[in-house]
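Me: Please justify the descriptive terms applied to the following model, setting each against the criterion behind it.

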Amino acid sequence: MDFENYYEISLVADFINAHNFSRVALQFPDELLKDSRKVVSALRQELHRLLKNSDESRATAKLYVMANTTYGGCCVDEVGAAHVKADCVIHYGHSCLSPTTTIPAFCVFGKAPLKASNCAESLYNYGVKSGKPVLVLFGLEYAHGMPDIKEALNVEATRFHDSNSGFQIHFANVTNSVITPSTSMKLENRHLMLNGEQDNNEDSSQKADTKFRLGGLGWSLPEGHRMEDYLLFWIGLDNSAFTNFILTFNSCEIVRYDAIEGCLKTDVSQQAKILKRRYYLVEKAKDANMVGILVGTLGVAGYLDMIHQMTELVTRAGKKAYTFLMGKPNPAKLANFPECDVFIYVSCAQTALLDSKEFLAPIITPFEALIAFNRGSQWTGAYSMEFQDVVASQPAEVEDEAGSRFSFFQGGYVEDFKLQEGKEEKDAVLSLVNVTEKALLLQNKDSELLSRRDAKSGAEFFAARSYQGLEIHSSDSFPELFLIGRAGKTSGYEDEQSK
């Protein structure tokens, strides 16, 4: 495939020229940075050609390459674009198509290689064998190959038309490659509708289709059809987008066509493992006393609403909430906050699932936090990765906080801490002293043994730590002389005798 076709040079230039953008940021993932200079050169030439043909006197748009994203690479980096005061962002590579807050974006998904005939044969044979109607979903980088697959399927259907005339197949479509800013969470075209959305048809006698949207794809099913009745056929890699579909439609039969290996993957054991792992983290989060809210995006529309809702949810559950803004989280960063028992990661759907096995504390999604911190709520099996739907959903009524709950990890009934009511201390210094002086070690009346109690705030946690930092035991207030360390190489310092 030629270079200009892969990077959609003509389409991108038309988009920039049609909107008269003067400053354009080009966002590349790490694997495509090697082609960034060629893309800029080809795009400039095409923009010059368009301006020359239109006889306009305005200057050509300035192009800026963003080599490192602030958060996930699939999201539009509005923070990086703001540094150069860009009018729009051209996003290359894998995209989650999450709505932006302040800046428009044009997404170029790329064109990954795909053997259409081989894929169509696997799709047709397995679909006929299953006896279910088939819904074809795919990674956005394989959207260019869908027309070839449809044509190859027609050939396959013609070969076996007499014996398999009842075979039904539906294809999802890419919703839109242009992202429009939106500050409201009540979007007309939301990315996910678990129960579907009925078409408003004026003719009541005509059957309405049920529409679904998820991960940049949209599709419709006939009235009365459920997702559970379909075989989901995924074309693409085993990546975050595929995991998103597995969790959302966990009650459906799902198979994956590996476009790289050119074969069908029918093992769905991963589906059960992921759900079990997420349910384990939800149960573990219920025992948390201090919760950290990780800001994983500053560009996805509605992220502030989500942060506020999570803070209110944690506070209402009688726990302490802290908000952290640290870019891309890693074990070393989060280890600086050992007082937090669990973290809630507010980000786009395709970066929200962090494998927290290497972290000191588990990391959960806002949807999982809604289940963990709402007393009396139960997991029905439905799952939502888009936090737009969590914002739109109404939290369940919280049961009496004084009542105890059963903890699977402690093996019995426990009572959650209740935040102290009353007026806050006006003097911040006295307030901190009063907090740190609270007894963290309760003395048993019948013995001299001490039993540790969990802290309710960060101040109490650090007051109970055995290590408080550098301690100076000398009573002399004058500074001491500094000592000179060893010099030389680690293989042989100067004070060591060479062998």
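Reply: The turns below take up the overall fold, two sheets and one helix of this predicted model.

Me: What makes up the secondary structure of the protein, and how much of the protein counts as buried?

Reply: There are 14 helices and 24 strands. Of the 499 residues, 44% count as buried, a term that requires under 20% relative accessible area. The accessible surface comes to about 27,900 Å², and carbon and sulfur atoms hold 50% of that area.

Me: Why are β6 and β14 said to stand at the edges of their sheet?

Reply: The sheet is open, its five strands follow the order β6-β5-β12-β13-β14, and its pairing is mixed. β6 (169-171) and β14 (263-265) each have a single partner strand, so one side of each lacks a neighbour in the sheet. On average, neighbouring strands here are turned by 25 degrees against each other, direction ignored.

Me: How do you know that β13 and β14 pair?

Reply: Pairing requires at least two bridges between the strands. Strand β13 (residues 253-258) is joined to β14 by three bridges, and the two run antiparallel. The criterion is therefore met. One of the bridges links D258 to C263 in β14.

Me: Which helices pack on this sheet, and which strands do they touch?

Reply: Helix α5 (residues 116-130) touches β5 (134-138), β6, β12 (231-235), β13 and β14, and its direction makes about 165 degrees with that of β12. Helix α7 (residues 240-248) touches β5, β12 and β13, with about 165 degrees between its direction and that of β13.

Me: Why is α7 called largely enclosed by the rest of the structure?

Reply: The description holds because eight of the nine residues of α7 are buried. Among them are F242, F245, I246 and L247.

Me: What makes the approach of N239 to A241 close enough for a polar contact?

Reply: At the start of α7, a side-chain oxygen of N239 comes to within 3.3 Å of the backbone nitrogen of A241. The cut-off for such a pair of N or O atoms is 3.5 Å, so the distance satisfies it.

Me: How do you know that β15 and β16 pair, and where does β16 stand in the sheet?

Reply: Five bridges join β15 (residues 290-295) to β16, and the strands run parallel; at least two bridges are needed. G292 has Y322 in β16 as its bridge partner. The open sheet has the order β16-β15-β17-β18, with parallel pairing. β16 (320-324) and β18 (363-364) stand at its edges, each with a single partner strand, so one side of each is left without a neighbour in the sheet.

Note on methods
Residues numbered from 1 in each chain as written. Predicted model: local features only at pLDDT ≥ 70, side-chain atom pairs only at ≥ 80, totals over all residues. Heavy atoms only, no water. Helix = DSSP H or I, 4+ residues; strand = E, 2+ residues; numbered from the N terminus. Buried < 20%, exposed > 50% of the residue type's maximum accessible area, 1.4 Å probe, protein only. Areas by Shrake-Rupley, 256 points an atom, 1.4 Å probe, with all protein chains shown as cover. Axes fitted to C-alpha atoms, helices over the stretch in contact; angles between N-to-C directions. Contact = heavy atoms within 4.5 Å. Polar contact = N/O pair within 3.5 Å; in protein donor to acceptor, adjacent residues only side chain to side chain.
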